[in-house]
Amino acid sequence: MSDITLEKFENEVYLDFNDPTIDAAQKKAIEEARAGFGKEHDMYINGEWVKGESGTFESINPSNTNEVIGSFQLASTEQALSALDAAWEAFETWQYTPAKERAEYLLKAADVVKRRRMEINAWMVSEAGKNYLEADADTAEGIDFLIYYAYEAMRLDAGMQVKDSWGDANKTIYMPLGAGVSISPWNFPFAITLGMAAAPIVAGNTVVAKPSPDTPKLGHVIAEIFEEVGLPKGVFNFVTGENIEVGEALTTSPKTRFISFTGSKAVGLHMAEIAGKVVEGQHFLKRLVCELGGKNATVVDADADIDLAADEIVKGAFGFQGQKCSAGSRTIVVESVYDELLEKVVEKTKVLKVGDAKDNYPNGPVVNQKAVDKIMSYIEIGKKEGRLMAGGKMADTENPGYYIEPTVFADVAEDARIAQEEIFGPVTAFIKAKDTDDALRIANSTQYGLTGAYFSRDPKKIERALREYKVGNLYINRKCTGALVGAQPFGGFNMSGTDAKAGGRDYLLYFLQPKSMTLRPHKDVDMSLPEFSYTK
Ligand code: NAD
């Protein structure tokens, strides 16, 4: 392992589901997962599988709401806090475990994910309503996170480069923070939940993970993986339950050293308040990592390749039903090419087929009834704010499920609600711009700043967009979704969050605190500081 360096890191390649053998294998894995529907799954606290003291809840298949994926535990406040206590106990030894050893657990976990890949995809198809490729991209990203963060932990173990000063020997090391809470969303139920746990853990911290109640099965799979690789008890804890009872009990606890949150702006701002309020018994500032929503735009300039732009807009807006924080929910087009592009996008949108994720339709269901209500209410708003060009209603399907037609609105004002607020569903709003200036100004006019795409064939304009388009992840001449670990570190500006850049070289630093040490030589002490490491 130690001869592998970060420079050799390669992203996991997605499976090719056009290959009939791979497609058949995925279908078989889905049938096997379906045969396991309806079982009860426990939480994982301090290395034990435990029942919830507040009962259970069900996870439902969004493609067919008659089907129950499984039942999951409702933790009591006491149980959630006991997980935090277990995490602190485990921290006592985990913090001193050598980085290489910690990294090895992650690399082993990556091997387990590779082995269980089809099965993990199958659970994502079933519980989140992803099509095969979207599910596989999520699983592949999980593998990437594990390997990338493993290498990063080893790199950071060398500490920060400092110089000796006037006879003093100096060293600055990175040490972990302690026990913290990771709260993840349902839309990348595997990669994000896994990455948000693996990064702090490999940096020497311990974690209580509370995944979304919409996708608890994937959290359960992650707990199984960490158990299989023999991660010491208490280092990773998996807790499920009510947001207020469990989520807030954990985040408000004086013992929570860090809160790592990925989710909506509304809950994220609440987390920021919780993190900022010192409670009795608290001896530190809570470190907050908060990755939130977006109102991402694709800007198409007058000299763009219109066919390419149309293809990429449809992928960016409607991939996984637009339920990506990076989804392109605004399409800002310079007026000379507006009509041509609109026509092409509408044509491509109208042919998208919507149906059961297990049958690998390009578009599956949205996640739950709450999402349906929210998206449909924005579609009603859109009908007043713009011209409905495609979609606009629930899709007709065989199953009872949460299916919404991919929807395009034209002639939307830049300050309309559907041009400013995150809808988080299959809806994109076309906005007309006069020229490049106007288009970039509109693109930068929301309170978010997560991703953006820009289409042009003019190097000067591209250079300008690279400079002036204010988003955390900017893509030229391609869609605005699909960041790769190690290649496109991910995170956004402004109300899109702390821009911690998951999958980037700075990410682990959010879970570390540097300690600067100076040793002045003394004639009676025979030691040299530079050999000192926190974990040895
Ligand atoms: P959400 O904010 O509703 O929930 C996120 C998590 O917070 C879930 O686990 C939920 O159970 C928990 N939660 C909710 N209320 C809580 C409370 N009071 N205390 C503690 N925990 C609480 O978001 P969601 O619907 O799960 O996910 C979709 C959102 O996430 C979108 O806004 C999307 O843009 C965003 N997102 C952002 C990124 C990113 O990297 N920036 C990535 C994925 C998703």
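1. In this predicted model, D499 is found in the loop that lies between β18 and β19 (512-519). The phi angle of D499 is near 55°, which is a positive value in a residue other than glycine, and a reader new to the structure may wish to look at this residue before turning to the elements around it.

2. A comparable point concerns F320, which lies in the loop between α10 and β13 and has a positive phi of about 50° although it is not a glycine. Is F320 buried or exposed? With a relative accessible area of 1%, F320 is buried.

3. The sheet deserves a careful look: it is open, has seven strands with mixed pairing, and follows the order β14-β15-β16-β13-β12-β17-β18. Its edge strands, each of which pairs on one side only, are β14 (387-390) and β18 (473-476). On average, and with direction ignored, neighbouring strands of this sheet are turned by 20° against each other.

4. Within the sheet, strand β12 (residues 296-300) and strand β17 (residues 451-455) run parallel and are joined by four bridges. To see one pairing in detail, take T298, whose bridge partner in β17 is A453.

5. Two helices should be viewed together with these strands. Helix α10 (residues 306-318) lies across β12, β13 (328-334), β15 (407-410), β16 (427-433) and β17, and runs at about 175° to β12. Helix α14 (residues 436-443) also packs on the sheet, where it touches β12, β13, β16 and β17, and its direction makes about 165° with that of β13.

6. Elsewhere in the chain, helix α8 (residues 243-252) and helix α9 (residues 265-276) have axes that come within 9 Å and cross at roughly 35°. On the α8 side the residues that meet are E248, T251 and T252, while α9 contributes H270, M271 and I274. Sorted by class, this contact of α8 with α9 has two nonpolar, three polar and one charged residues.

7. Which residues touch the most other members of the largest nonpolar core? They are Y149, F190, F226, F236 and L508, in a core of 72 residues, and the largest share of this core, 12 residues, comes from helix α5 (residues 132-156). Leaving aside neighbours within four places in sequence, F190 is in contact with V113, I120, M124, D138, T139, G142, L218, V221, I222 and I225.

8. Finally, a second core, separate from the one just described, has 38 residues, and V299, V367, A439 and I462 are among them. Of these, V299 falls within the residue range of β12, and A439 falls within that of α14.

Definitions and conventions: Residues are numbered from 1 along each chain as its sequence is written. This is a predicted model: local features need pLDDT of at least 70, side-chain atom pairs count only at pLDDT 80 or more; totals for chains, interfaces and linings use all residues. Side-chain values use heavy atoms; hydrogens and water are left out. Axes are lines fitted to C-alpha atoms, for helices over the stretch in contact, and angles run from 0 to 180 degrees between N-to-C directions. Contact means heavy atoms within 4.5 Å. Ala, Val, Leu, Ile, Met, Phe, Trp, Tyr, Cys and Pro count as nonpolar, Asp, Glu, Lys and Arg as charged, and the others, Gly among them, as polar. Two strands pair if DSSP finds at least two bridges between them. A nonpolar core is a set of buried Ala, Val, Leu, Ile, Met, Phe, Trp, Tyr and Cys residues joined through side-chain atoms within 4.5 Å. Buried means under 20% relative accessible area, exposed over 50%, partly exposed in between (1.4 Å probe, protein chains only).
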